[in-house]
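Here is a friendly walk through one protein model for someone meeting it for the first time. Have a look at the picture, then read on.

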Amino acid sequence: MEIWTVKHLLEWTTDFFKKKGIEMPRLDAEILLSAAMKIKRIELYTNFAAEPTETQRSLFREFVKRHGMGEPVAYLVGFKEFYSITFNVDRNVLIPRPETELLVLETLDILKTFANDLSPAVCDVGTGSGAIAVAIAKNRPQSVKQTPIIAVDISLEAIRIAESNAVLNGVENQIEFRCSDLFAEVRETFDVVVCNLPYVSRSEYETLPNHIKDFEPQLALLAGVTGTEVIERFTVQLSERLKTGGYVLLECSPMIAQSVAAFFTGWNTVRIIKDNAGNQRLVLAVKN
Ligand SMILES: C[S@@+](CC[C@H](N)C(=O)[O-])C[C@H]1O[C@@H](n2cnc3c(N)ncnc32)[C@H](O)[C@@H]1O
């Protein structure tokens, strides 16, 4: 009879995921097995010879089967790491992407320039899981922590997840969440507005892999025929919500970065920022 140790299970599953064309087969196997065993991933390595219980193996088998059919690991285990922080996720929210960490980094750099001023007011539009707002709240300089960040999303389900993530990470007193179509429920003005709104065009959406299209919320991805529709509506409302000298930082795809930058013609310092892969990923603009 075969003995299913941790080591054996990981090897078998990695091989199975490889054959399925899964991008990170070993990492996914480790995340799923540690979740099924309710231990930290690192602990798998000190337990290579251990034999998971039948209950743990049966949960792991279920995870492996579903991931093999395309269901993302983050939805199966219910969490995702972003900016070295753990976030609850479910199918109501986009799984936070590594490229969005650049938006957080750039925003934190901007906030440092306010260190000697009164606390700058920050707004995150399309907060989803709360990834950006929570990462900023946790990492912004102590001197600029007084003003709560306002984080909005059109989806009430997303707002509930985002609130749970603020609590999970101990920043619930630093963020006010609101259900709002862009700025419809926002009357304040801000020094810094950040957003990662839907920016996928209809034709691009059709080409997305099934593990995205079949599982992640369309509302979080698809913007319309050109991909700029939601961002364009956002930029029209933005002028009223941003203070003079205030910053806006938007995430977008390289395909629409130039069009997004063009929405800010006449603003100060319109700049496109590339991500680590060299793709045009962010647009930064400063209001006159
Ligand atoms: C690309 S996801 C980004 C989620 C999160 N900020 C992140 O970076 O992981 C876009 C988010 O915008 C929200 N959204 C879409 N249209 C919106 C609108 N008109 N007003 C507010 N939020 C909107 C979606 O519900 C979704 O949560």
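## The core and what surrounds it

The largest nonpolar core has 81 residues, and among these Leu 32, Leu 33, Val 193 and Leu 250 touch the most other members. Helix H7 chips in with the largest share of this core, seven residues. Where does the core sit? Domain 1 (6-77) and domain 2 (90-286) both give residues to the core, so it lies between them. Keep in mind that this is a predicted model.

As general background, nonpolar side chains in soluble globular proteins tend to be buried together.

Let's zoom in on Leu 250. Leaving aside residues up to four places away in sequence, Leu 250 touches Cys 195, Ile 231, Val 260, Leu 282 and Val 283.

Now for the domains themselves. The protein is divided into domain 1 (6-77) and domain 2 (90-286), and their C-alpha centres lie 33 Å apart. How many residues make the contact between the two? Five residues of domain 1 are in contact with seven residues of domain 2. On the domain 1 side, the touching residues divide into three nonpolar, one polar and one charged.

Next up is strand E4. Five of the five residues of E4 are buried, so this strand is largely enclosed by the rest of the structure. Both of its faces are covered: one side has Ile 149, Ala 151 and Asp 153, while the other has Ile 150 and Val 152, all of them buried.

Which strands pair with E4? Strand E3 (residues 122-125) is one partner, and strand E5 (residues 175-179) is another. Here are the details side by side:

| Partner of E4 | Direction | Bridges | One residue pair |
|---|---|---|---|
| E3 (residues 122-125) | parallel | three | Asp 124 opposite Ala 151 |
| E5 (residues 175-179) | parallel | five | Arg 178 with Val 152 |

E4 also turns up in the last stop of this tour, the ligand. In total, 24 residues surround the ligand, and the closest are Gly 126, Gly 128, Ile 154, Asn 196 and Ala 220. Which elements give two or more residues to that shell? They are helix H7 (131-139), strand E4 (149-153) and helix H11 (218-221). Sorted by class, the shell has 15 nonpolar, seven polar and two charged residues.

So two names are worth remembering. H7 gives the core its largest share and also gives two or more residues to the ligand shell. E4, with five of its five residues buried, gives two or more residues to that shell as well.

Terms used. Residues are numbered from 1 along each chain as its sequence is written. This is a predicted model: local features need pLDDT of at least 70, side-chain atom pairs count only at pLDDT 80 or more; totals for chains, interfaces and linings use all residues. A residue is near a molecule or strand if its C-beta atom, placed from the backbone, lies within 6 Å of it. Helices (H or I, at least four residues) and strands (E, at least two) are DSSP runs, numbered from the N terminus. Ala, Val, Leu, Ile, Met, Phe, Trp, Tyr, Cys and Pro count as nonpolar, Asp, Glu, Lys and Arg as charged, and the others, Gly among them, as polar. A nonpolar core is a set of buried Ala, Val, Leu, Ile, Met, Phe, Trp, Tyr and Cys residues joined through C-beta atoms within 7 Å. A residue is buried if 20 or more other C-beta atoms lie within 10 Å of its own, exposed if 12 or fewer, and partly exposed in between; C-beta atoms are placed from the backbone. Domain bounds come from an automatic or database domain assignment. Two strands pair if DSSP finds at least two bridges between them.
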